[in-house]
Amino acid sequence: MKVATMAAQAQQLTVPTEAELLQGQADLWRHSLYYMTSMAFQCAVKLGVPTTIHSLGGAASLPDLVTALSLPPAKLPYLRRIMRLLATSGVFAADNAADVVTYYRLTPLSWLLLDGVAVDGHPSQTSIVLAATSRHCLEAAMGLSDWFQKDVVASPFEDLHGVTLFDESMAKHDPEVDAVFNEALASHDNSGFLTVLRECGALFQGLESLTDCCGGDGTTARAIVEAFPQIKCTVLDLPRVIDNVPADGVVNYLAGDMFKSVPPAQACAAPLE
Ligand SMILES: C[S@+](CC[C@H](N)C(=O)[O-])C[C@H]1O[C@@H](n2cnc3c(N)ncnc32)[C@H](O)[C@@H]1O
């Protein structure tokens, strides 16, 4: 760019006002600390706060939570900060009347985080939180600037850890975290599917065969066949997944690689990239 043009543009730049800069400073802190919301969220899930609020009848004060979760009483002020942050973010609801004890309640989001409780066909989604906030994902995210400067095509996750999610390599690298990711995938796949079947049933009318590519343990396919018994469903997934799924006589399970061959059917469900 020519020097004269740059100088002309610089003259047009408007410096923010003092009030705008102060707001910018507040926003800077907010952006720098956003990760604390994710970490507080993970903390509440690991402690079992949603399940505890549910088991206490749907509302719990901080002393209730400290007692039910067997936390050291000295941690109450810190729990207050976490709960206040999560209430502001919509994870919990808080009764905020002045000068009275605050009670925390579940929101639709935290209803999805009850251990062992499926709400209207939505299984517990705690594993999604644990997978998304796992050390593996956080480390990959922390390396983004390094990754941008490297001439690589692998994703930041693959580049850093040398493994691919939902692949044999991940299972060998860290079987425990691999299991959490697979659980997260299953609960995501199965969440809300009953609603899809209820609201979008017309999609399946008249269909006689369907292949669910990358269909995992077949929960989605089984729900389809239960609602539409005339559909012959095949679940295609990698051998390491299919080999662990017991035959159920409801759907046909096929071990294979979707990039090599997909069993023919009138409809095929496949993940989008
Ligand atoms: C992100 S995909 C799941 C997609 C999900 N069922 C959906 O429709 O959104 C992950 C699943 O794909 C399977 N998978 C990965 N590569 C595959 C391949 N080449 N052929 C078949 N299944 C594959 C994994 O084993 C895992 O169960």
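Here are a few questions and answers on the packing and annotated spans of this predicted model.

Me: Which residues touch the most other members of the largest nonpolar core?

Reply: Happy to start there. The largest nonpolar core has 21 residues. At least two of them come from each of α3 (34-47), α4 (49-55), α6 (76-88), β3 (104-106) and α8 (126-132). The members that touch the most others are Phe41, Ala44, Leu86 and Phe92.

Me: Which residues does Leu86 touch, leaving out those up to four places away in sequence?
Reply: Leu86 is a good one to click on. With those sequence neighbours not counted, its contacts are Ala40, Phe41, Ala44, Val91 and Phe92.

Me: How many residues are in the other core, the one with Ala221 and Cys233?
Reply: This core lies apart from the largest one. Val235 and Leu236 are also among its members, and its residue count is 8.

Me: Are α3 and α6 roughly parallel or roughly perpendicular?
Reply: Their axes come within 10 Å, and the crossing is left-handed. Thr37, Ala40, Phe41, Cys43 and Ala44 of α3 meet Ile82, Leu85 and Leu86 of α6. The axes cross at roughly 110 degrees. An angle of 65 to 115 degrees counts as roughly perpendicular, so α3 and α6 are roughly perpendicular.

Me: What is the helix percentage of the span annotated "domain: O-methyltransferase dimerisation"?
Reply: The unreviewed UniProt entry places this annotation on residues 29-114. The end C-alpha atoms of that span are 32 Å apart. Strand accounts for 9% and helix for 57%.

Me: How far apart are the end C-alpha atoms of residues 144-267?
Reply: In the unreviewed UniProt entry, these residues carry the annotation "domain: O-methyltransferase C-terminal". The span is 44% helix and 13% strand, and its end C-alpha atoms lie apart by 38 Å.

Terms used. Residues are numbered from 1 along each chain as its sequence is written. This is a predicted model: local features need pLDDT of at least 70, side-chain atom pairs count only at pLDDT 80 or more; totals for chains, interfaces and linings use all residues. A nonpolar core is a set of buried Ala, Val, Leu, Ile, Met, Phe, Trp, Tyr and Cys residues joined through C-beta atoms within 7 Å. A residue is buried if 20 or more other C-beta atoms lie within 10 Å of its own, exposed if 12 or fewer, and partly exposed in between; C-beta atoms are placed from the backbone. Helices (H or I, at least four residues) and strands (E, at least two) are DSSP runs, numbered from the N terminus. Two residues are in contact if their C-beta atoms, placed from the backbone, lie within 7 Å. UniProt positions are given in the numbering used here, feature names are shortened, and annotations may be inferred rather than shown by experiment. Axes are lines fitted to C-alpha atoms, for helices over the stretch in contact, and angles run from 0 to 180 degrees between N-to-C directions. Angles under 35 degrees count as roughly parallel, over 145 as roughly antiparallel, 65 to 115 as roughly perpendicular and the rest as oblique. A crossing is left-handed if the near helix is turned anticlockwise from the far one by less than a right angle, and right-handed if clockwise.
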